[in-house]
Amino acid sequence: MAINAQNQTGTYTRKVASLSTQTVVEIKFGQDVGEVVAVYPQISLTSCEASSGRLNYGGRIIATLVYTDGDGRLCRVQKGAEFTHFIDDERLAPAQRGDCALKCERWQVKRDGSSYAVAIVVGAAVDVYDSATRSFVASVEGAIVNTENTKLYSFVGFSGESEVDDDFDCVATDVLVPSAQALVLGCNVRAGVVEVSGELYLSLLAVRDSAPVCLDRIIPFKCEIACDEALFSQRAFCRAEVKAVNVNCRINEERGKCDVDVNATLGFSGHFYEEEEVAVVCDAFSKDCELSLNFLTEETALDTDIKVYSERVTGLCATKAKLDYTCAFLAATLPSVEFARTADGVEGSVTSTLLYEQAGEVHSTEVNMPFSCPLTGLSANCREISVAVCGVSLRQRAEGECEGEAVLKITGADGEVKTVKYLNEITEQGEKTVPDCAISVYIPSAGDGLWETAKRLSEAPESIEKSNPELSFPLTGKERILIYRPKN
């Protein structure tokens, strides 16, 4: 009997590439300033578009410089710049979706006459998604098949923006630089929307009694992002980006405090997976002819949970400037973190800018504190780990030694990998040699199931069970299976 396979075809979205690159953006400050004591670059994504063999992306940087004027007072100047860059890859094509995350990896301040130039290294990590055609064998005439109900997945991306507002009082006369980091602590799909919740970690470099101070605050947020593809309740992955932070201060002389209004614009990008339950042919054989089977395998990393950790880390710090007891620590501000995943958690370094007074003048130095944190309960299928700094404090434990303490908030997008294997194509390869004896005795291998046994014997599974009702699968390897062939 001729083999006739019926295929079911559909389209879905999948990841085609994970790319990364770096670019350097230079911002020049043309006015005459004194000694620079702090630099804060704020980066946000503005565009990301794929073309044939190339992905173009762009962003905006707002750099804030804090410096001392001729009278030793702290002042600030702010300047922005837009930039574009690209990544070349032969897998890129028009109409693909690029999920781009930008990060300020490091910066350097250079003196240029009476002006300053800030060189910023911007890192970009991009996941590229594209539509594809999926075809699988749903039924076969003329062959014995093993059919299973399985779930097939298709990527669904979403993005949006939301604003976070907060107001509070603080004992300060001005805010020089606001810096912020955002973490997503929960993300769930509902009908028509994606619900995102998290926290914004705000660090303000302020002035109190003509001296710099650092003010830290945690601002919770919750928002909804419209998504037409969202239908059923499920977990989703989401990344938050601080696109802009605006701070307005009003001096309340009667209370001796400063009223602070904070408005932050957050950008969100994430994804979840649509699932479709279908019946697929996962294996087949024929009693009369040899078959050539072509299989396809799909792996999908599903997001099942967001695990949240709060860790307090301490340790000795490395400083670029030489510190002694003539240095009076004023403020540890503009915290950031670099980290890498380890076998049982994360390790890295907390970086902050230390402002200190020496000989009546305000100076600054970069401070780095290494840390290592085990993360209990995080699986090997964790998609992404994010770390934010909630506050940093520094002190001199001994002359020339700087000791630090920081509070870290860590999130891990935990998940599981679903692997699906299905038959994509089946073709005949010639006639099969059929035994002509009336009875065959088969000695199986340990662990063989009913299907594996039937395929080796070229008999239908129900025939094996009917001829050997005493068998219990999986087999132990000690059984003897009899095959009876009726005389034609």
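A contact here means heavy atoms within 4.5 Å. On that basis, in this predicted model, residues 24 or more positions apart account for 76% of the contacts in the chain with a separation of 6 or more. The secondary structure behind this picture comes to two helices and 21 strands. As for overall shape, the radius of gyration of the chain is 32 Å, where a compact globule of 488 residues would come out near 23 Å. Taken along the principal axes, the box filled by the C-alpha atoms is roughly 110 × 45 × 40 Å. Of the 488 residues, 48% count as buried. About 24500 Å² of the chain is exposed, and carbon and sulfur atoms supply 44% of that area.

A handful of individual positions fill in the picture, starting at the N-terminal end. Ile3 sits in the segment before strand E1, which spans 4-29. With a relative accessible area of 17%, Ile3 falls under the 20% cut-off and therefore counts as buried. Leaving out residues up to four places away in sequence, Ile3 touches Val140, Glu141, Gly142, Ala143, Ser286, Cys289, Leu291, Ile426 and Glu428. Gly345 is another matter: 342 residues along the chain from Ile3, its C-alpha atom is separated from that of Ile3 by 53 Å.

Gly123 belongs to strand E6, residues 115-141. Gly123 is buried too, at a relative accessible area of 4%. Its partners, again without residues up to four places away in sequence, are Thr21, Gln22, Ala101, Leu102, Lys103 and Glu105. The C-alpha atoms of Gly123 and Glu479 are 62 Å apart, with the two positions 356 residues apart along the chain.

Strand E7 (residues 144-170) holds Thr150, whose relative accessible area of 18% is under 20%, so Thr150 counts as buried. Beyond its neighbours within four places in sequence, Thr150 is in contact with Glu276, Glu277, Val278, Val280 and Val420.

Then there is His271, in strand E13 (residues 257-285). His271 is buried, at 0% relative accessibility. Once neighbours within four places in sequence are set aside, the contacts of His271 are Tyr129, Phe155, Val156, Gly157, Phe158, Ala236, Phe237, Asp303 and Arg383. With Asp303 there is also a polar contact, side chain to side chain, at 3.3 Å. Two other residues on that contact list, Tyr129 and Phe155, turn up again in an aromatic cluster that they form with Tyr273.

Across the whole structure, the search for aromatic pairs finds six. One of them joins Phe285 and Trp451, with ring centres 5.2 Å apart and planes at 50 degrees. The pair is called tilted because that angle lies between the 30 degrees below which planes count as stacked and the 60 above which they count as edge-to-face. This pair links distant parts of the chain, since Phe285 is in strand E13 and Trp451 is in helix H1 (residues 450-457), 166 residues apart. Both Phe285 and Trp451 are buried.

Rings also meet charges in this model. The charged end of Arg134 sits over the ring of Tyr12, at 3.8 Å from the ring centre. Lys421 does likewise with Phe295, its charged end sitting over the ring at 4.7 Å from the centre.

Finally, the backbone has a few features worth a look. Most residues other than glycine have a negative phi, and most peptide bonds are trans. Ala359, however, has a positive phi, near 55 degrees. Ala359 is in the loop between strand E16 (345-358) and strand E17 (361-374), and is exposed, with a relative accessible area of 77%. Ser458 likewise has a positive phi, near 55 degrees. Ser458 lies in the loop between H1 and H2, but in contrast to the exposed Ala359, Ser458 is buried, at a relative accessible area of 15%. As for peptide bonds, the one from Phe473 to Pro474 is cis, with omega near 0 degrees. Pro474 lies in the loop between helix H2 (461-467) and strand E21 (481-484).

Note on methods:
Residues numbered from 1 in each chain as written. Predicted model: local features only at pLDDT ≥ 70, side-chain atom pairs only at ≥ 80, totals over all residues. Heavy atoms only, no water. Helix = DSSP H or I, 4+ residues; strand = E, 2+ residues; numbered from the N terminus. Buried < 20%, exposed > 50% of the residue type's maximum accessible area, 1.4 Å probe, protein only. Polar contact = N/O pair within 3.5 Å; in protein donor to acceptor, adjacent residues only side chain to side chain. Phe/Tyr/Trp six-rings, centres within 6.5 Å; stacked < 30°, edge-to-face > 60°. Lys NZ or Arg CZ within 6 Å of the ring centre and 35° of its normal. Rg over C-alpha atoms; globule rule 2.2 N^0.38 Å. Areas by Shrake-Rupley, 256 points an atom, 1.4 Å probe, with all protein chains shown as cover.
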